[in-house]
Amino acid sequence: MILSRLYYTTSITTTLNRRNGNRIRIIGGGILNLDRHNYASTSIPNSISNSNSNTNISKQESKHYDILIVGGGPVGATMAKLLSEGIPQYHNIKVGLLDARPNVPSLHQTTSTTTTTTSNTTTEPHARAYALSPSSLKTLGKNVISPLDSLHRVAYYDTMQIWESNGPAIMNFSHKDLYLDTDIDTDSDTDTDTDTDKDKHCLGAVIEDDLLVSSLWDSLRQMDNVTLIPSAKLQHIHVPTTSLSSATTTTNNNNNINNNNNINNNAPLPPVKLTYHDTTLSSNNNNNNNENIVNRLTTDLLIAADGANSFVRSQINENSCNKNPSSSSPFPLHKHSYHRKAITFTVKLQTPINGTAYQRFMPNGPMALLPIWNPTNSSSSSSSNSSTTAYYANIVWSTTPEQCEQLQNLPMEDLIHELNERLQSGPQINPSLFGTTHTTTHSHSSSSSSPSSSPSMFSKLLQEVDMLARSINNGVTMSSWTEHPERAFRLPPLIDSIVGQRFAFDLNCVHAQNYVQPRVALIGDAAHTIHPMAGQGLNLGMADAQCLAKHLISNLNGGMGPSCSSGLQYALQSYQSERQRETWAVMAGIQALHELFGLQFGFGVFVRSLGMNLMNHSSFLGGFVKHRLVRVAAGFDGVFASNGHAGGAAAAGNRSSSRRHCDVACSTTETVTQMQSKQSL
């Protein structure tokens with residue numbers, strides 16, 4: 001009986017005194033480590049040292065984190081913030097955020113060092129910015145958005161105008177489309193303490209990258225259970241496999257263990273091991289010995305938020321191929337090139353954009369004119385001189401690689417002319433449905449009984465059908481403008497000059513077949529990248545972070561921490577199932593839009609244009625479709641699931657299911673272990 005209890009003790013992880021945070025974990029060959037939830041594997045020789053520093057920026061040589069996030073950009077920092085705010089303190093869960101860049105400056109430092117280009121010290125916006133949906137603004141929370149809002153660095157937009165270059169159709173979206181007539185502005189998906197007043201009455205907001213990251217890191221610096229690890233260049237990652245022979249407890253009777261694979265399959269997985277190099281040491285000191293200093297980390301859950309060229313993802317794939325070249329990669333990728341590039345830059349406008357986002361679809365790709373914050377000269381606020389006010393916007397233009405290169409090298413005056421020419425061109429008349437319409441040039445030849453009279457009559461018929469169809473489409477357009485003046489076409493502001501640099505990047509669709517592996521999860525661009533035409537890239541990453549945090553917190557509240565490999569894997573699989581189907585649906589929709597607006601033949605253009613017109617004109621069918629599209633784009637509804645922020649009943653249900661799953665897994669482990677101990681006796 002004593003041997004049975006000893007064997008059982010060395011086979012599973014036991015959690016005691018959950019409220020006090022004390023955790024006992026058995027490592028490898030039965031080594032016991034009790035250090036208020038800090039433990040390390042015997043393969044890591046460095047001892048664990050507790051930092052007594054008041055700051056939470058750590059440069060420890062050896063440390064264990066319950067959850068370690070790689071990538072301190074908007075998605076990774078948001079993931080850390082959600083975990084810190086959602087996990088009760090008594091769980092004593094420690095979260096680490098590792099990033100390759102140097103320590104991110106505070107928001108005050110970032111705004112005070114913004115490039116100054118005019119004599120009146122008026123700062124200028126940066127072209128690298130994100131269009132965030134209301135759901136993403138809600139996920140970020142007041143403690144991130146309010147500091148930016150107080151500095152007027154958040155550009156909200158409540159309307160959007162979309163039109164095509166070879167047809168009369170336009171579509172107008174408003175924040176009112178978020179709600180049907182029976183909805184109220186205080187429904188469950190917007191009435192929370194994380195909302196701001198503007199969140200409920202906008203379609204989105206544009207925020208610069210460096211400002212958003214600075215505000216996120218400022219909020220993380222106030223959190224005790226998050227450790228920031230800047231200037232960290234990852235070197236090696238070792239992820240446990242499902243074959244746990246090296247991590248399970250060994251006994252003198254090896255045959256009993258080898259003949260029972262269930263023991264290995266149900267035993268807890270060892271943590272992930274990482275090594276990184278602190279780049280600040282080599283930059284501040286020319287001593288080459290600093291290059292040999294290896295910092296070691298272990299974690300129960302590694303979250304990769306390190307972008308489209310994810311080092312975590314590629315390192316895990318590479319290690320797997322080196323170990324077993326015949327096996328498939330843990331994270332195989334599906335890649336599709338749009339054969340397009342995007343160029344983005346900031347422009348100065350002659351008049352304000354008034355909270356409207358514009359997007360014109362052209363044959364080679366869309367051009368977007370997005371609002372950005374507008375700095376004003378505070379010293380001249382008493383005198384209402386409009387000449388001291390600057391109006392800015394961001395251009396995102398998707399086109400062919402050849403044209404993109406031309407636009408990058410085009411003189412400023414010529415580029416401004418190109419922009420204004422395209423943005424100031426409103427809806428056009430539909431091209432012929434059947435290509436070039438043939439006129440009856442043969443109708444006057446010889447006699448009416450000639451065989452050529454039949455083709456002439458058919459050509460006349462096609463011409464009449466073509467004129468009728470185009471008249472109907474134009475009539476729907478004019479009717480919509482007359483009956484609903486707010487849906488009429490509005491000219492965008494004229495562009496006065498170009499500010500700052502021009503940035504170009506390739507447009508590709510990349511999707512990881514798997515989002516999770518044992519003790520590893522991909523979020524954001526590490527899991528998927530899409531076309532920027534719908535502005536959903538970062539918003540999908542924010543939804544990933546929110547979904548993963550929801551399942552992890554639900555599991556933790558159900559009694560399963562990250563060290564419980566069976567419960568963790570259940571949470572990861574739930575995250576993957578929920579997010580993959582949503583991401584696939586969004587990617588399919590964007591691909592459909594890309595193909596739809598790339599149509600050049602007359603009949604296809606007519607069908608697309610008429611469909612847009614009917615959707616914009618109809619208050620019943622079109623109103624419902626627009627309502628559905630806007631809520632999905634805003635993140636309030638998913639393509640298949642309801643509001644992603646619904647954490648009440650859904651979280652409770654997941655928690656109940658998770659608890660039942662863990663109970664089954666733990667009872668299975670206990671039964672198998674007890675059977676093995678009886679065989680030993």
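1. A quick definition to begin with: a residue is called buried when its relative accessible area is under 20%, and exposed when that figure is over 50%. Keep those two words in mind while looking at this model, which is a predicted one.

2. Helix 14 is a good place to start. Of its 21 residues, 18 are buried, so the rest of the structure largely encloses this helix. Its length also checks out: 21 residues at 1.5 Å each should span 30 Å, and the C-alpha atoms at the two ends are 31 Å apart, which agrees. Just past the end of helix 14 comes G559, with a positive phi of about 100 degrees.

3. Which helices supply at least two residues each to the lining of the largest cavity? Helix 14 (537-557) is one, and helix 15 (565-596) is the other. Helix 14 gives the largest share, three residues. The full lining is I67, I87, L552, N555, L556, M560, G561, P562, G567 and L568. By class, that makes seven nonpolar residues and three polar ones, with no charged residues.

4. As for the cavity itself, its volume is about 70 Å³. The structure holds one cavity of 30 Å³ or more, so don't spend time hunting for a second above that cut-off.

5. Helix 16 covers residues 602-617, which is 16 residues, and it reaches 22 Å from first C-alpha to last, close to the 22 Å expected. Its buried residues are G602, G604, V605, F606, R608, S609, L610, M612, N613 and N616. When you look along a helix like this, remember that an α-helix has 3.6 residues a turn, so residues three or four places apart point the same way.

6. Two histidines deserve a look at their backbone. H152 has a positive phi of about 60 degrees although it is not a glycine, and it sits in the loop between helix 5 (142-150) and strand 7 (155-157). Is H152 buried or exposed? Its relative accessibility is 58%, so H152 counts as exposed.

7. The other is H339, which also isn't a glycine and has a positive phi, near 55 degrees. H339 belongs to strand 15 (residues 333-349). With 57% relative accessibility, H339 counts as exposed.

8. Finally, the whole chain. It has 18 helices and 22 strands, and 50% of its 681 residues count as buried. Among contacts with a separation of 6 or more, 79% join residues 24 or more positions apart. The accessible surface is about 31200 Å², with 53% of that belonging to carbon and sulfur atoms.

Key
Residues are numbered from 1 along each chain as its sequence is written. This is a predicted model: local features need pLDDT of at least 70, side-chain atom pairs count only at pLDDT 80 or more; totals for chains, interfaces and linings use all residues. Side-chain values use heavy atoms; hydrogens and water are left out. On a 1 Å grid over the protein atoms alone, a cavity is a set of points where a 1.4 Å probe fits but cannot get out, and a pocket is an open set with protein on both sides within 12 Å along at least five of seven lines; lining residues have an atom within 4 Å of a point. Grid points are joined across faces, edges and corners, and a volume is the space filled by probe spheres set on the points. Helices (H or I, at least four residues) and strands (E, at least two) are DSSP runs, numbered from the N terminus. Ala, Val, Leu, Ile, Met, Phe, Trp, Tyr, Cys and Pro count as nonpolar, Asp, Glu, Lys and Arg as charged, and the others, Gly among them, as polar. The expected span of a helix is 1.5 Å times one less than its number of residues. Buried means under 20% relative accessible area, exposed over 50%, partly exposed in between (1.4 Å probe, protein chains only). Contact means heavy atoms within 4.5 Å. Accessible areas come from the Shrake-Rupley method with a 1.4 Å probe; for residues, only the protein chains shown count as cover.
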